[in-house]
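User: I am new to this structure and would like a close look at a single part of it, the protein surface that lies by the DNA, together with the elements that build it. Please take me through it with care.

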2 protein chains.
Amino acid sequence: MYSHSEQDYIPQLSIDCVIFGYQETQLKVLVPKLDFRGDFWALPAGFILQDEDIDLAARRILEVRTGIKDIYLDQFRVFGGTGRSNRPFLERMMSLNEGKLGSKMLNRKEFEWVTRRFVSIGYYALVDINKVVPQKNDMDESIDWYPIKDLPPMIMDHHEIVEKALETLRLNLDQKLIAFNLLPETFTMRELQELYESIFDKPFARNNFQKKILNLNVLERLEKKFTGAANKAPYLYRFLNAKG
Amino acid sequence: MYSHSEQDYIPQLSIDCVIFGYQETQLKVLVPKLDFRGDFWALPAGFILQDEDIDLAARRILEVRTGIKDIYLDQFRVFGGTGRSNRPFLERMMSLNEGKLGSKMLNRKEFEWVTRRFVSIGYYALVDINKVVPQKNDMDESIDWYPIKDLPPMIMDHHEIVEKALETLRLNLDQKLIAFNLLPETFTMRELQELYESIFDKPFARNNFQKKILNLNVLERLEKKFTGAANKAPYLYRFLNAKG
DNA sequence: ACAAAAGTGTTTGCCGTACACCCATGT
DNA sequence: ACATGGGTGTACGGCAAACACTTTTGT
């Protein structure tokens, strides 16, 4: 399988990614399930090449897992408790998988490398869920979108990492105008509002929400969208990057 | 001198501290000057023990340099560019100090350790400047408070680190109610306002500032302060930690 | 005609800014 | 009396919340 060494990667330092997507009025997170007995889930993660900027390392990890470039990405916090080691998890995993690991068996040196105490840099990413084709790597059994309110049990402190990522997302949402990264190119005001509601987990008043968003002057109103529903057709909007 | 090894510290990972103080209407930063020819300044920094939480490592570094515990401290960003190595600086320093390093000479192994590419976690701290007795370590020629608008030339990307720390301080000042960490136990409204003005580098309207701060309901008004000046005596205030 | 959802307008209260005025103190 | 700086009150304007009404569309 893969081989880690200090020649290639910075030791004891990793990157954990919280990849947010939005689908069916729910905020979701992309989480791989590891291909071992025992039902282990873990956030997409990776290491930093000796000659690689940390932001680019995060970008590389994201591209591998989502298949797309040009992802909105933000560093949000470092997790550096003393208990942060894969050792308990890996030992349990190996005891549950005796003799079944085959080519996935870690050699002694690799085991030593990955079971040391790790400090991890947390990044969160916002993607248009329709553009993403989740990619398993050779350690994964599967990789899926889970509603943030219904995440599978994850290893180590990964639940806390998601929690902090969501906190940061809420703080930055209006500030940095990044909600649009979670939506398709065009969208209705209702869709945007439902996205906000799923992120903040509370309702917004419809008319006031519209006024607030339009006052930001970052949306372009397009033609109306024909829905076939028994009501007025809503306008479509597009996010203006840096145009007038 | 000191000896680093992977047995003791996490390699290639460091902590850089921006220690803010306030004195004579100026926001200041505590910066040591290295005890070598060539005038090198560098932010207080250190490494993380293998069995040490990163926040506690930052706290340890701060305690050593300031002599006080119970310091307000916040992680704000990771600096992880590929160019982040002490090598250019150390080589220049050594060429300027040939034969004069004496006991400060790094042995081969130590030189290899400290000149690798480093990822650094930035922390900022707020201290009551009157309580601090800056402590040199055995690498320092001196350690002093410099006005943030008049910092000495610092090595590597330390200017950028201060810049980002100040940005974060501004963002968090009202949010987290932390300005009081820069002042003595008691202070006048004018002193607090001048502190705000030095941080944001802009004036505030006197009466409105007072109203805004008092509306936060985190200050206790004490007796008046006798100044001897030809005007009304100002009230003293104290910050309420978590009392009613 | 009616229900459903979209679009828009009006009122209210809060908050920050600007302006104005009084108070205490030493010269 | 006056200058100096401290404390407080009032008026204005913008913004967000709450309430209300109109428009479009398929059944």
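Analyst: What follows looks at the surfaces by the two DNA strands, then at the elements behind them, and lastly at how the two chains are related.

This is a predicted model, in which local features need pLDDT of at least 70 and side-chain atom pairs count only at pLDDT 80 or more, while totals for chains, interfaces and linings use all residues. Residues are numbered from 1 along each chain as its sequence is written, and chains are lettered from A and ligands numbered from 1 in the order in which they are written.

Around DNA strand C there are 20 residues, and those that come nearest are A:Asn207, A:Asn231, A:Tyr235, B:Asn208 and B:Ala230; a residue is near a strand if its C-beta atom, placed from the backbone, lies within 6 Å of it. At least two residues of this surface come from each of α5 (189-200) and α6 (206-215) of chain A and α6 (206-215) of chain B, where helices (H or I, at least four residues) and strands (E, at least two) are DSSP runs numbered from the N terminus. With 4 residues, α6(B) gives the most to the surface near DNA strand C. By class that surface holds 8 nonpolar, 7 polar and 5 charged residues, where Ala, Val, Leu, Ile, Met, Phe, Trp, Tyr, Cys and Pro count as nonpolar, Asp, Glu, Lys and Arg as charged, and the others, Gly among them, as polar.

The helix α6(B) is itself hardly covered, since 1 of its 10 residues is counted as buried, that is, with 20 or more other C-beta atoms within 10 Å of its own, C-beta atoms being placed from the backbone. Just after α6(B), B:Asn217 takes a positive phi of about 55 degrees.

DNA strand D is surrounded by 19 residues, of which A:Ala230, A:Lys232, B:Asn207, B:Asn231 and B:Lys232 are the closest. Here the elements giving two or more residues are α6 of chain A and, from chain B, α5 (189-200) and α6. The most, 3 residues, comes from α6(A), and the surface near DNA strand D divides into 8 nonpolar, 7 polar and 4 charged residues.

In chain A, 3 strands form an open antiparallel sheet in the order β7-β9-β8, where two strands pair if DSSP finds at least two bridges between them. Because β7 (186-188) and β8 (219-224) of chain A stand at the edges with a single partner strand each, one side of each is left without a neighbour in the sheet. Neighbouring strands of this sheet are turned by 40 degrees against each other on average, direction ignored; axes are lines fitted to C-alpha atoms, for helices over the stretch in contact, and angles run from 0 to 180 degrees between N-to-C directions. Between β7(A) and β9 (residues 235-239) of chain A there are 3 bridges in the antiparallel sense, and A:Thr188 stands opposite A:Leu236 in β9(A). Across β7 and β9 of chain A lies α5(A), running at about 80 degrees to β7(A).

As for the two chains, a turn of 180 degrees and a shift of 0.0 Å along the axis lay chain A on chain B with an RMSD of 0.1 Å, the copies being superposed by least squares on the C-alpha atoms of residues with pLDDT of at least 70 in both. That is the relation of a two-fold axis. The same surface serves both copies, as 94% of the contact residues of chain A recur in chain B, with contact meaning C-beta atoms, placed from the backbone, within 7 Å.

Conventions. Contact = placed C-beta atoms within 7 Å. Buried ≥ 20, exposed ≤ 12 C-beta atoms within 10 Å, placed from the backbone.
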